[in-house]
Structures are given as structure tokens and as C-alpha cells.
Amino acid sequence: MNSTPEQLRFASIPGHSVRADFAGGGLSSDLGPVLLLGMDLPIGLTRRIDAALPERRNQSYFDHSNHDLLTQRIYQIGCGYEDGNDANLLRHDLMFKLGAARLPFDDGAALASGATMSRFEHAASRQDIYRVSEALVE
């Protein structure tokens, strides 16, 4: 008797349903980002932190919004990838793309690189960090 379900369903991403099956195809060993997305959406953690950080960059010079960068970084840390350089390997990972509400097989939708993460993290001022701590207390 086989007790393993043939499919598992997860929180949907706007316009798409997310399911896991055991037939192969695009593979990833890390389901964490999709689980974190399922928890983040109801509590709005990344949304609150994003609201606390002003966007200071010129929109014509970047591909990733503050919210995208926060989501990627928080989910990476939550999955055990604390080093910012891990973003270089994970930016094409199917599950991290799904966690960031991007289509996994869209090659043009890569997540941010380690260098982009480093610039983002080092741009925060003391006032920004204080506002983020207030958002975390909420």
C-alpha cells in the first residue's frame, strides 16, 4: 500500500497554482521559500518591512524592487543561506523564484545577485534600521 499522495498543493501565486508531484521535471531540493511565502502572505512581514524602507534608487537603473530584494534575502536566511553570496547560486533556483512570486522557468526573471544584495544591505541608514525594527515589533 502506497501512502504517499501523488500531488501536494501549496498557497497559490497570483495567476498560478503551485503543486508538487513526483514525476521529475524541474527539480529543487528546497521547498522552504514556498512555505515561507505561504506564511508571509497572511502576516505581511515583507510588506511591512518594505513600507519602512524608502526607495532611494533611480527606477531606470534597477531590475529588482525593494520588496523583491527583501523577500529574496529574508527567505534565503530563513532557509539557511545566511551568506549574501549565496544569492549568486540561488538566483536561478526554481523554488526561490516561486517564493519571490516569479515564474520558475522564465530565464529573464532571475533573482538578484550577491552584489545587488550587498549594495541593498549597505544602503540602509540608522533611521532605516530603526523603522525596520519598529515594523518587526508590529
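**Close-ups of salt bridges and a helix crossing**

**View 1. Asp128 and Arg56 join up through their side chains in a salt bridge, 2.7 Å from N to O.** Asp128 belongs to helix H7 (residues 126-137), while Arg56 sits in the loop between helix H2 (45-52) and H3, so this pair ties together parts that are 72 residues apart in sequence. Keep in mind that you're looking at a predicted model. The two partners have quite separate settings: Asp128 is buried, with a relative accessible area of 2%, whereas Arg56 counts as exposed at 53% relative accessibility. There's a third member to look for here, too: Arg131 is linked with Arg56 and Asp128 in a network of salt bridges. How many salt bridges does the structure hold? The count is 4, and the next views show others.

**View 2. Here Asp68 and Arg102 form a salt bridge, with their closest N and O atoms 3.1 Å apart.** Asp68 is part of helix H3 and Arg102 is in the loop between helix H5 (94-99) and H6, so the pair ties together parts that are 34 residues apart in sequence. Is Arg102 buried or exposed? With a relative accessible area of 17%, Arg102 is buried, because the cut-off for buried is under 20%. Asp68, at 22%, is partly exposed.

**View 3. Stay with Arg102 and take a look at its surroundings in the loop between H5 and H6.** Which side chain makes a polar contact of 3.4 Å with the side chain of Arg102? That's His64. The side chains of Arg102 and Asp68 are also joined by a polar contact, this one of 3.1 Å. If you skip the neighbours within four places in sequence, the residues in contact with Arg102 include Asp63, His64 and Asp68. Lys97, Ala109, Ala110 and Leu111 are also among them.

**View 4. Now for two helices: H3 (residues 66-78) packs against H6 (residues 114-122) at an angle of about 105°, their axes 11 Å apart.** That angle makes H3 roughly perpendicular to H6, because 65 to 115 degrees counts as roughly perpendicular. On the H3 side, look for Asn66, Leu69, Leu70, Gln72 and Arg73. They meet Thr116, Met117, Phe120 and Glu121 of H6. What classes of residue does the contact of H3 with H6 have? Sorted by class, there are 4 nonpolar, 3 polar and 2 charged residues.

**View 5. Zoom in on Glu121 and Arg73, whose side chains meet in a salt bridge at 2.4 Å, N to O.** Glu121 comes from helix H6 and Arg73 from helix H3, so the pair ties together parts that are 48 residues apart in sequence. At 35% relative accessibility, Glu121 counts as partly exposed. Arg73, on the other hand, counts as buried at 11%.

**View 6. Our last stop is Gly114, which you'll find in helix H6.** Gly114 is buried, with a relative accessible area of 5%. What does Gly114 touch, once residues up to four places away in sequence are not counted? Gly84, Ala87 and Asn88. You can also compare positions along the chain with positions in space: Gly114 and Arg73 are 41 residues apart in sequence, and their C-alpha atoms are 9.9 Å apart.

How values were computed
Residues numbered from 1 in each chain as written. Predicted model: local features only at pLDDT ≥ 70, side-chain atom pairs only at ≥ 80, totals over all residues. Heavy atoms only, no water. Axes fitted to C-alpha atoms, helices over the stretch in contact; angles between N-to-C directions. Helix = DSSP H or I, 4+ residues; strand = E, 2+ residues; numbered from the N terminus. Parallel < 35°, antiparallel > 145°, perpendicular 65-115°, else oblique. Contact = heavy atoms within 4.5 Å. Nonpolar A, V, L, I, M, F, W, Y, C, P; charged D, E, K, R; others polar. Buried < 20%, exposed > 50% of the residue type's maximum accessible area, 1.4 Å probe, protein only. Polar contact = N/O pair within 3.5 Å; in protein donor to acceptor, adjacent residues only side chain to side chain.
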